[in-house]
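Dear colleague,

I am passing on the structure below, together with some notes on what turned up in it. Please read them with the structure open beside you.

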Amino acid sequence: MIPIARHSALRAVRSQLVPRAFNQSALARLLSTLAVLEQRDGKLQASSLSAIAAAQKLGGPVTAFVAGNGVKGTSAAEAAKIKGLDKVVAVDSEAYEKGLAENYAPLLVENIKKGEYTHIVGGHSAFGKSLLPRVAALLDVQQVSDITGIESEDTFVRPIYAGNAILTVQSSDPIKVLTVRGTAFQGVETEGGSAEIVEGVDPKAPAQTEWVSEELAKSERPDLGTASRVVSGGRGLKSKEEFDRVIVPLADTLGAAIGASRAAVDSGFADNSLQVGQTGKNVAPQLYLCAGISGAIQHLAGMKDSKVIAAINKDPDAPIFQVADVGLVGDLFEKVPELTEKLKSQA
Amino acid sequence: MASGLRILVPVKRVIDYAIKPRINKAQTGVETAGVKHSLNPFDELSIEEAVRLRERKGPLKVENILALSAGGAKCADTLRTAMAMGADRAFHVDVPDSNDGGLEPLTIAKMLKEVVNKENINLVLLGKQAIDGDQGQTGQMLAGLLGWPQATQASKVDIKDDQGTVEVTHEVDGGVETLRAKLPLIITTDLRLNEPRYATLPNIMKAKKKPLEKKTLADFGVEDKKRLKTLKVTEPPARQGGGKVEDVDGLIGKLKELGAL
């Protein structure tokens, strides 16, 4: 753990140099960030861009890391074009293609030690959530999860209690391991960069889990996590047939992603992966239009950062109306099709 | 290899999921005094799954289910609930109550590692996150410290054979994925794994007789050392409801006015 000792010595010096004020130029010399990229079949995933966006916000040089089957020619090359990256560390190996934490975590730890990074940033996606706490434990540091803000190199903002409280927390660890909320970190320029792709170290740790299969919901729609418009349905839809009949055409008309409340998912109206809320996805689109959703705190946790919220519900006292910018009290089985028709004719 | 399942189920006492938390005046944390608390919902699922593994009579017999909670005196109630649902015994690791969120996941993981080793555990079932801190780290950290395989956000657990092969279907972005691993194993539970049972009165009475041992962090050679310092806890920016409209035309008009269409 020699690198860690050196980092703490650096930290001590740094805190004298920069007594709390966020001094960009002094930091840039000492701070060095590794953005952990998520890729699938050679394509970078949306969480990768938010990891880079957060890493760039920290201020120091940013290195990106990606591993998987033949990534140097695919996702690493894609990453190298992103503006503002120092370099891209890539490990070509079938063993890391599925992002299994058991061998990916030791791989990352070896590369973190070699690069002596002070900050490790990954998206708070299923991949990041599974992998990074394991990495943090191997580095003996306390991770900070799902951050929505960076106040300084050691101070981060994150929601707790389903977004009902906002915690500002200061880390004393020599290496900061962070996962970031995608909707809070955006705006990476995916063209114009020309970072060098360098070979990472591969400790070839044994894979303790075997990937058997996957079942992914296929869809032509925009990705729920990053869509600019989301149309969401809840228990009020009553059945899968009604959900498909009422919600889908409206989403089609608006070019929107489809979301659902936990009640709708539990009742089988919509796929699990469409759940919006504390335990599902967090979304912050330009427009969040929901019907038949009462607005339980767990649901609000996942959508209340949306720019404009519109709600259709027959219960005038539903909590959703307390956060909606525009609310319509009425039967969704009449109002939603009417809305769809009127939007269609205006288009 | 594995003769039976010796399961550890760590549980946490948290503010009830239906309660809207209030931030204290000093902005140092959330008010917990006099607020209804319950078992963390994801931990209920872990206990339920442990009990179902026993009832399912799969290729591996459940030898023992140990529930554990770290926190103030009232954690004992949480552990009685776990035992009323079917856990055989419980450890209460006594940690003074505080409003700073309690032990950090890394500390908990280090403590659990010792428990696993001392109690010869081969399966740990944890909730995927606690609904207070929302960190979602403890299971993965424990797996890392032990060097065990992990399956996070499980929606289905299937013990395949008496050699301890386990298949876990788990939730990933965009769908589900199935993994296969050998015991020992760490699993974190997702909401769709099962429907936890209610503890019946006779079981609640029986649970009172089940062994509940009081422990301290020192028993496991762990210190409550904080890596993270809470600087402040504040209210999220309030959203003002924008009021209601009369009809669909009003809705469209308002959305256009707001620039959303």
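In this predicted model, a good place to begin is chain B, where the side chains of B:Lys36 and B:Asp16 come together in a salt bridge, with N and O 3.7 Å apart. Both residues lie in the loop between β2 (13-15) and β3 (37-39) of chain B, so the pair ties together parts that are 20 residues apart in sequence. The two partners sit in contrasting surroundings, since B:Lys36 is exposed at a relative accessible area of 52%, whereas B:Asp16 is buried at 9%.

Another salt bridge, in chain A, links the side chains of A:Asp202 and A:Lys204, with an N to O distance of 4.0 Å. Here A:Asp202 is partly exposed, with a relative accessible area of 26%, while A:Lys204 is exposed, with a value of 66%.

Over all chains, the count comes to 34 salt bridges. One of them is formed by A:Asp173 with B:Arg227, whose closest N and O atoms are 2.6 Å apart. A:Asp173 lies in the loop between β10 (165-171) and β11 (176-180) of chain A, and B:Arg227 lies in the loop between β11 (212-215) and β12 of chain B, so this pair joins two chains. Both A:Asp173 and B:Arg227 are buried.

That pair leads on to the interface as a whole. There, 77 residues of chain B are in contact with 85 residues of chain A, and the two chains bury about 6800 Å² between them, with 52% of that area on carbon and sulfur atoms. On the side of chain B, B:Arg192, B:Arg227 and B:Arg239 supply 11% of the area buried against chain A, which is more than any other three residues supply; B:Arg227 is thus named both here and in the salt bridge with A:Asp173.

Across the interface of chain B and chain A there are 7 salt bridges, and 51 residue pairs are in polar contact. The elements of chain B that give two or more residues to the side touching chain A include the helices α3 (105-118), α4 (138-146) and α6 (248-257), and also the strands β7 (150-159), β8 (165-172), β9 (175-182), β12 (228-234) and β13 (244-245). Sorted by class, that side of chain B has 33 nonpolar, 20 polar and 24 charged residues.

The chains are also joined through their strands, for β13 (residues 209-216) of chain A and β9(B) run antiparallel and are connected by 7 bridges. Within this pairing, A:Thr209 has B:Ala181 in β9(B) as its bridge partner. There is, in addition, a network of salt bridges that links A:Glu210 with B:Asp158, B:Lys160, B:Glu167 and B:Arg180.

Strand pairing can be followed inside chain B as well, where β4 (residues 61-71) and β5(B) pair in the parallel sense over 6 bridges. B:Leu68 has B:Phe91 in β5(B) as its bridge partner. Strand β5 (residues 89-94) of chain B is mostly covered, with 5 of its 6 residues buried.

For a single buried position in chain A, you might look at A:His299, which lies in helix α9 (residues 297-303) of that chain. A:His299 counts as buried because its relative accessibility is 6%, where the cut-off for buried is under 20%. Apart from its neighbours within four places in sequence, A:His299 is in contact with A:Ser232, A:Ala260, A:Ser261, A:Val276, A:Gly277, A:Tyr288 and A:Ile293.

Finally, a few details of the backbone deserve a look. In chain B, a cis peptide bond joins B:Leu183 and B:Pro184, with omega at about -5 degrees, and B:Pro184 is found in the loop between β9 and β10 (185-189) of chain B. In chain A, A:Asp41 has a positive phi of about 50 degrees although it is not a glycine; A:Asp41 is placed in the loop between β2 (39-40) and β3 (43-44) of chain A and is exposed, at 62% relative accessibility. A:Ala162, likewise a residue other than glycine, has a positive phi near 55 degrees, and A:Ala162 is found in the loop between β9 (155-160) and β10 of chain A. In contrast to the exposed A:Asp41, A:Ala162 counts as buried, at 7% relative accessibility.

With best wishes

Notes. Residues are numbered from 1 along each chain as its sequence is written. Chains are lettered from A and ligands numbered from 1 in the order in which they are written. This is a predicted model: local features need pLDDT of at least 70, side-chain atom pairs count only at pLDDT 80 or more; totals for chains, interfaces and linings use all residues. Side-chain values use heavy atoms; hydrogens and water are left out. Contact means heavy atoms within 4.5 Å. Buried area is the accessible area (1.4 Å probe) that two parts lose on being put together, summed over both. A polar contact is a pair of N or O atoms within 3.5 Å; within protein, one must be able to donate a hydrogen and the other to accept it, and residues adjacent in sequence count only if both atoms are side-chain atoms. Helices (H or I, at least four residues) and strands (E, at least two) are DSSP runs, numbered from the N terminus. Ala, Val, Leu, Ile, Met, Phe, Trp, Tyr, Cys and Pro count as nonpolar, Asp, Glu, Lys and Arg as charged, and the others, Gly among them, as polar. Two strands pair if DSSP finds at least two bridges between them. Buried means under 20% relative accessible area, exposed over 50%, partly exposed in between (1.4 Å probe, protein chains only).
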